[in-house]
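Let's take a walk around the ligand site and see what lines it. After that comes a quick stop at a residue elsewhere in the chain.

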Amino acid sequence: MKRLLAGLKPSGELTLGSYIGGIKQSVIYQQEYESYIFVPDLHSITVPQDPTILKERIKKNVALYLACGIDPDKNTIYLQSDNLYHTNLSWIFECLTYMGEASRMTQYKDKASKNKNVSVGLFTYPILMTADILLYDIDYVAVGIDQKQHVELARNLAERFNNRFGNTFTVPNPLIPKIGAKIMDLQNPTKKMSKSEGDTKGTILLLDSEEIIRKKIMSAVTDSDNKILYDPENKPGISNLLTIYSALKDITMEQTVKHFENMNYGSLKKEVADVVVDALTNIQQKYNEIINSTIVDEILDKGKEKVIKIAKAKYEEALKKVGLGR
Ligand code: TRP
């Protein structure tokens, strides 16, 4: 079985968009791959975080993943900061990365151009990501398109190390979901659904109450021609609602459009709200059981023990090849 790695970011609240676009995909991957899922908490502090919220969110998001169907028996689940080998190996790769190549990372350039004070950590972020991947002989890295360049850096660094010091690291491949339904903001359907500070009217959080979910969907922005068609360019609002419905019902877009043929926008919204409420109440019930138990800690402890063993062996091999230590 090929080995897959996915990151579970602790810096944002999980939304309906994260569920449909990412978590559901991981639930499928766990059947086909030996899956590793980890919380890159060290990466999250490359931008300022509130310590109390960060700590809470790490466990909350792991619990939500479990509630969404991530099976702890099929996945190795762990916390990055629980395993010091990530940062240790990252240093070795920092010394193999050229300033020019790190400076070309578009995510860094983008963030640096928008903020006055960016941290050095934000600059070296992709190198720590390289260590996250290469420590575990990962074949596939499950990422969105925005992270593809970082996986390419990991490939280049793996090859560079192997050429210079002898074969040590598996060269990873990015795994980008082909269809990967992208869910848009309900108020601004040309923008991806995400949790930004302040206004959350267009974003459904996985832990929103039924009342709030219904309110947000019923007030979703649509258009005025009252025809239910899938046309993301001209009818982004309606197309987004159709995407949500087809993803949660696990049916094709053709079947979805057929189902809503001759209905009006009000009935479409009502049905979409029903399926979302159905899916999320189910997840929330499981979440409440998990978060009120010691399951998350037990799973992270078990993961920690397993990954430290693997990472230690890989790190010590690299250390020796580089000529470090005694
Ligand atoms: N950079 C990733 C993101 O923004 C998170 C991440 C960190 C990651 N390390 C990783 C993802 C290693 C996959 C593998 O989504």
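Helix α7 is the top contributor to the shell around the ligand, giving four residues. This helix spans 120-134, and together with strand β1 (3-7) it belongs to the elements that each put in at least two shell residues. Keep in mind that this is a predicted model.

So who's in the shell? Going along the chain, the ligand is surrounded by Leu5, Gly7, Lys9, Phe38, Pro40, His43, Tyr125, Met129, Asp132, Ile133, Val141 and Gln147. Sorted by class, that makes seven nonpolar, three polar and two charged residues.

Three of these side chains bring an N or O atom up to a ligand atom at the distances below.

| Side chain (N or O atom) | Ligand atom | Distance |
|---|---|---|
| Lys9 | oxygen | 3.3 Å |
| Tyr125 | nitrogen | 2.7 Å |
| Asp132 | nitrogen | 2.7 Å |

How much of the ligand does the protein bury? On its own the ligand would expose 360 Å², and the protein buries 93% of that.

Now for the other stop, Met99. This residue sits in helix α5, which covers residues 99-103. Is Met99 buried or exposed? Met99 counts as exposed because its relative accessibility is 59%, and the cut-off for that label is over 50%. If you want a sense of scale, pair Met99 with Lys269: the two are 170 residues apart in sequence, and their C-alpha atoms are 51 Å apart in space.

Note on methods: Residues are numbered from 1 along each chain as its sequence is written. This is a predicted model: local features need pLDDT of at least 70, side-chain atom pairs count only at pLDDT 80 or more; totals for chains, interfaces and linings use all residues. Side-chain values use heavy atoms; hydrogens and water are left out. A residue is near a molecule or strand if one of its heavy atoms lies within 4 Å of it. A polar contact is a pair of N or O atoms within 3.5 Å; within protein, one must be able to donate a hydrogen and the other to accept it, and residues adjacent in sequence count only if both atoms are side-chain atoms. Accessible areas come from the Shrake-Rupley method with a 1.4 Å probe; for residues, only the protein chains shown count as cover. Ala, Val, Leu, Ile, Met, Phe, Trp, Tyr, Cys and Pro count as nonpolar, Asp, Glu, Lys and Arg as charged, and the others, Gly among them, as polar. Buried means under 20% relative accessible area, exposed over 50%, partly exposed in between (1.4 Å probe, protein chains only).
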